[in-house]
Amino acid sequence: MQDRTHAADAEPGDDVTVAGWVHELRDLGGIAFLILRDSSGKIQIKFEKDEMDEALVETGLGVARESVVSVSGRVEEEPRAPTDVEVVPESVEVIAPADPELPLDPSGKVDAELSTRLDNRTLDLRKEEVQAIFEVRAEILRAARERFRAVGCTEITTPKIVATGTEGGTELFPITYFGREAFMNQSPQLFKQLIAGSNVERVFEIGPIFRAEEHNTPRHLNEATSIDFEGAFCDDGDAMDVAEEVVRAAYEGVAENCADQLESLGLAEEFSVPEASFPRLTYEETIERINATGALEEPLVWGDDLPTEGEKALGEEIGSHYFITDWPSEIKPFYIKDHDDDPEVSTGFDLMHPRMELVSGGQREHRYDHLVEGFEQQGLDPEQFEYYTEMFRYGMPPHAGFGLGGERLIMTILGLENIREAVLFPRDRQRLSP
RNA sequence: GCCCGGGUGGUGUAGUGGCCCAUCAUACGACCCUGUCACGGUCGUGACGCGGGUUCAAAUCCCGCCUCGGGCGCCA
């Protein structure tokens, strides 16, 4: 195995051993071709029946598609071959035969539905364009991490098994923890605040969140990847700056390091990094502009949540990322700080992509008394959250942060139709395996 | 949580009461073919989600169940 050469590295004149999957067999009679595929690409193996050992030809042409084979032979320059080189085999070994009837077609001649693809993810990932999504995903996460580090953040990980939720009990997955009631965490919100209040000051986390909502849409998952930021001595404007930087860094990373993947996905032409400075609209301006589109039957009034239809209409009009700031306090969570000069208006903000909401954030309520009051107003028992509120008594600086939906970022960057495409093994309303 | 629309060979589809012991593509099996690159050609195998009902007749209409997808709400 050590001497294995990847398809893309085979140079004319080399004696090599290539190993991978049988992508296709084309038997033309006297001559036949086996297309071998590995992570680097494809290479053609040539079989000339009259001139080669009969057993060798039989083995090479007798394998089923997607079987794993190892081929040793001489690489020759050949302009008629798809990659301008082909291997003339001296030996062929079938390492792992595949059943002849495949549950989906990795060569892509026949489409498969998403559900079939997810049931057979290993085979699905043998398709170049599917592999490309996950290579881009890795790059997006790398670029985001690097940018967080560049703006002075420390990466943290926080518990996913918790005693209480962030905003109440309704949308949490309950579990049993050594006989005690516990939950899968819906957000690292409270924990990252606790760390921002330490000397660490600026933190980020990229990790799973769990939501027990029974929605069934192409943009929701029950297990998602949250990209979170929290910074001490930051206000909502600072947090928006960081959100914008991280989102743009993700696009830049893809533009710089994923040319091949964009090509595979058919996006090479149209892909572009968004213009600097996402517009910042206040909530009030937003509802006015949505009303002006005429997309809604009933015009929005102050205090309304933004319906999907209105978001879409405005997204189309703006055509780029934009922030919505200064939300009514009553439709934002209690831990979001209100403006000092107007308690009806909060520091909460959302970052929107024309297709959907990407980020939610704001400056946090850091004053102990106000925070406890907020819990009570939401009908939550502050005592249950003592592990959190207590720390606000020992020097909690003003701080702000946000949560960015990782899969939503990926799907909007790549224009994926369904968020499940952006996760290897998605968890949704009905899918629990694989 | 509310609402809507689907489930036909391995895969993806056509078929809205008799024209259907079901179309096409691909896959699979057999044979032919010395430059394919979605190779081509000939022949063949293979399916109406499950249960009940209506009808002379059901893939097609009705009911229940299972299952998949979508819209809204909510959210990342």
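The legends below accompany close-up views of a predicted model.

**View 1. The two domains of chain A in the predicted model.** Chain A is divided into domain 1, which covers residues 7–96, and domain 2, which is assembled from residues 122–279 together with residues 320–422. Taken between their C-alpha centres, domain 1 and domain 2 lie 48 Å apart.

**View 2. Salt bridges around Lys46.** The side chain of Lys46 takes part in a salt bridge with Glu48, with an N to O distance of 3.6 Å, and the side chain of Lys46 also meets that of Glu86 in a salt bridge, here with an N to O distance of 3.4 Å. Lys46 lies in strand E3 (residues 41–48) and Glu86 in strand E5 (residues 85–96), so this pair ties together parts of the chain that are 40 residues apart in sequence. The three residues can also be described by their accessibility. Lys46 counts as buried, at 12% relative accessibility, and Glu86 likewise counts as buried, at 2%. Glu48, in contrast, is partly exposed, because its relative accessible area of 25% falls between the 20% and 50% limits.

**View 3. The salt bridge between Arg80 and Glu78.** The side chains of Arg80 and Glu78 meet in a salt bridge in which nitrogen and oxygen are 3.0 Å apart. The two partners fall into separate accessibility classes: Arg80 is exposed, with a relative accessible area of 75%, whereas Glu78 is buried, with a relative accessible area of 13%.

**View 4. A salt-bridge network that includes Glu421.** Salt bridges that share partners join Arg117, Arg121, Asp124, Lys127 and Glu421 into one network. For context, a search of the whole structure finds 37 salt bridges.

**View 5. Ile95 and Ser70.** Ile95 lies in strand E5, the strand that also holds Glu86. Although Ile95 and Ser70 are 25 residues apart in sequence, their C-alpha atoms are 6.8 Å apart in space. Ile95 counts as partly exposed, at 41% relative accessibility.

**View 6. A negative surface patch with residues from helices H4 and H7.** This patch is formed by Glu128, Glu129, Glu135, Asp260, Glu263, Glu269 and Glu270. Two elements, helix H4 (128–150) and helix H7 (259–264), each give two or more residues to the negative patch, and H4 gives the most, with 3 residues. Glu263, one of the patch residues, lies in helix H7 and is exposed, with a relative accessible area of 55%. Glu263 meets the accessibility requirement for a patch residue because its 55% is over the 30% cut-off.

**View 7. A nonpolar surface patch made by Ile161, Tyr177 and Phe178.** These three residues make a nonpolar surface patch of about 360 Å². Ile161 lies in strand E7, which comprises residues 161–162, and counts as partly exposed at 43% relative accessibility. Ile161 can therefore belong to a surface patch without being classed as exposed, because its 43% is over the 30% that patch membership requires but not over the 50% that defines an exposed residue.

Note on methods: Residues are numbered from 1 along each chain as its sequence is written. Chains are lettered from A and ligands numbered from 1 in the order in which they are written. This is a predicted model: local features need pLDDT of at least 70, side-chain atom pairs count only at pLDDT 80 or more; totals for chains, interfaces and linings use all residues. Side-chain values use heavy atoms; hydrogens and water are left out. Domain bounds come from an automatic or database domain assignment. Patches are made of residues with over 30% relative accessible area and no salt bridge: like charges are joined within 9 Å, nonpolar side chains (Val, Leu, Ile, Met, Phe, Trp, Tyr) within 5 Å. Accessible areas come from the Shrake-Rupley method with a 1.4 Å probe; for residues, only the protein chains shown count as cover. A salt bridge is a side-chain nitrogen of Lys or Arg within 4 Å of a carboxyl oxygen of Asp or Glu. Lys and Arg count as positive and Asp and Glu as negative; His and the chain ends are not counted. The place of a charge is taken as NZ of Lys, CZ of Arg, CG of Asp or CD of Glu. Helices (H or I, at least four residues) and strands (E, at least two) are DSSP runs, numbered from the N terminus. Buried means under 20% relative accessible area, exposed over 50%, partly exposed in between (1.4 Å probe, protein chains only).
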